[in-house]
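The following paragraphs lead the reader through one protein chain, from a single strand to the overall fold. Please keep the sequence and the coordinates in view while reading.

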Amino acid sequence: MDQAPLAEALLKYKEKQDASFHVPGHKDGRAFQNVKDREAYEALSEVMKIDATEITGTDDLHHPEGVILEAQQQAARVFGAEETFFLVGGSTAGNLALILSVCTSPGDVLLVQRNVHKSVIHGLMLAHAHAVFLAPQLGAGSGLATIPSEATVREALRRYPGAKGLLLTHPSYYGMGAALRPLAELCHEHGVPLLVDEAHGAHFGRHPALPESALAAGADSVVQSTHKMLTALTMGAMLHVQGGLLDRGLLRGRLTMVQSSSPSYPIMASLDLSRRLLETEGPALFAAPLAAAERIKQGLSEMPRYGIVQLPGACGADPAYTIQDPLKIVLYDAKGDLSGYELQRKLEQQGCIPEMSDDRYVVLALGPGTSLEEAERLLQALERIADGIGEAVSVRENGPTPFSTWNIRETMSISNDSLASVDALPSAISAPVPFGLTPLSPAEIETIPVEDSVGRQAAEMIIPYPPGIPLVYAGEMITEDTKDRLIGLKLSKAKCQGAADPLLRAIQVMKTKRKAGNDADER
């Protein structure tokens, strides 16, 4: 239990100090021994000493037989999977490989929650798949999205019996979620796998105060960013598999396609060590961050300037959510003077760096390294910010003004209440949307002011980052809601990926509307 086979193999490699006649070229960091400005290099020197490659004793990620295989097997045992694969390209690599494993022929249909990470859209493009987008449930008070309802998934499976699977994001970037188990059971009744992007939930199920993991809920494959809420190096992630609905041989081949043939050994070692820390410390690993989270919530309850999104049963709770990560605190200015972007900038000026913000919220991510001292520092910073603005005059009783942090088609912006009606379900399920890799030619594209874009098809993908969820993808119709959100992002000076105009004054659109069906039409 206390072994980390891959990490220990790299330590032995470091101790031997063999003469290196193999890559990488820095030769265990010795290339920087005689440089004049050593400060930056010294910070990397210890990492470089274990930055090995596939030599005798270090195994091979793409054909593991030794320490990597053993490390992956131990990870599978700890996380409750039948098989686990190490990822050195983050959850992105896992999402791409999963989609390419289930969508094996052009035109294959995959049921997909609409508010997914851009890597899912990219996977659909690579697979030339057709996505049937499912509207998530939206919180009536917060506007934040969870997974699609059970009724929506049941109807989608009935309507598309040939679908290759259901892909969900759970929890959301904001730590919100709902029950996965009923959706897993629905998928299995129809003989299709449930694929879960659990990038922000690698810690789920590891403490009684934390929600159930997707694997425990019955998901067939789960992608986790071990670097986000656990302790691996950035880009360190895992893909867990169970059951017989996935072709694991094909999955291995797809992972070889999307991952580097020269994977980072320090990243893989950090996955091994993260698993060992989780196993040896157990629930105690989360005692400090959970205590810090409670202190932050208690402190915020004494500051009328601020509010937080909470579960049902708590003051100001949103009834849409049945699951909330206690280590994600979703904070907002209850008076409405500060946008989420503005509040984040003020916190950064105070030396407290949030995970992300949008036009309403700031997301604080706590983890095994978070202390009570840091919680107090955050509260003091928020007090100084409040004092600098002035005391709140009025506080909204029911939380922040509803809004959507990402766009789906207007007909798919479904509230929890409307999804309770069977009549609302058709508008919660899109027609199949073809994706592909054929680029638009310059002659097919024009650039227009964002204000004039309603009713036009986007020719680029606009991705507020973080969270990396496309507001609009190439080929999607721009609605009034989309336009308003784009203008809001422009005014907030939000960072967006994919936009030809980084200031979002203009957007690229197709000159004429395209019909789905041809390869050239696959967007």
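Which residues of S1 lie on one side, which lie on the other, and are they buried or exposed? In this predicted model, Glu83, Phe85 and Leu87 occupy one face of S1, while Thr84 and Phe86 occupy the other. Residues on both faces are buried, and both faces are thus covered. In a regular strand, side chains point alternately to the two faces of the sheet. Strand S1 spans residues 83–87, and five of its five residues are buried. Its pairing is with strand S8 (residues 237–241), to which S1 is joined by five bridges in an antiparallel arrangement. One of the paired positions is Glu83, whose bridge partner in S8 is Val241.

A further sheet merits attention. Four strands form an open sheet in the order S9-S11-S13-S12, and their pairing is antiparallel. Strands S9 (306–308) and S12 (356–357) are at the edges; each has a single partner strand, so one side of each lacks a neighbour in the sheet. In the case of S12, two bridges connect this strand to S13 (residues 362–365), and the two run antiparallel. Within this pairing, Met356 is opposite Val363 in S13. Strands of a sheet generally pair through backbone hydrogen bonds, in either a parallel or an antiparallel manner.

The nonpolar interior comes next. The largest nonpolar core comprises 56 residues, and those with the most contacts inside it are Leu300, Tyr306, Leu343, Leu347 and Leu382. Helix H13 (residues 372–389) supplies the largest share of this core, namely seven residues. The surroundings of Leu343 illustrate the packing: leaving aside residues up to four places away in sequence, Leu343 touches Tyr306, Leu331, Asp333, Leu338, Val362, Leu382 and Ile385. A second core, separate from this one, has 32 residues, including Ala97, Ala131, Leu195 and Leu246. In soluble globular proteins, nonpolar side chains tend to be buried together.

The cysteines may be considered briefly. The structure contains zero disulfides. Cys352 has a relative accessible area of 11% and is buried; Cys496, at 13% relative accessibility, also counts as buried, because the cut-off is under 20%.

Finally, the chain may be viewed as a whole. Its secondary structure consists of 15 helices and 18 strands. Of its 523 residues, 55% are buried. Among contacts between residues at least 6 apart in sequence, 74% link residues at least 24 apart. The accessible surface of the chain is about 21700 Å², and carbon and sulfur atoms account for 53% of that area.

Conventions. Residues numbered from 1 in each chain as written. Predicted model: local features only at pLDDT ≥ 70, side-chain atom pairs only at ≥ 80, totals over all residues. Heavy atoms only, no water. Buried < 20%, exposed > 50% of the residue type's maximum accessible area, 1.4 Å probe, protein only. Contact = heavy atoms within 4.5 Å. Areas by Shrake-Rupley, 256 points an atom, 1.4 Å probe, with all protein chains shown as cover. Pairing = 2+ DSSP bridges. Core = buried A, V, L, I, M, F, W, Y, C linked by side-chain atoms within 4.5 Å. Disulfide = S-S within 2.5 Å.
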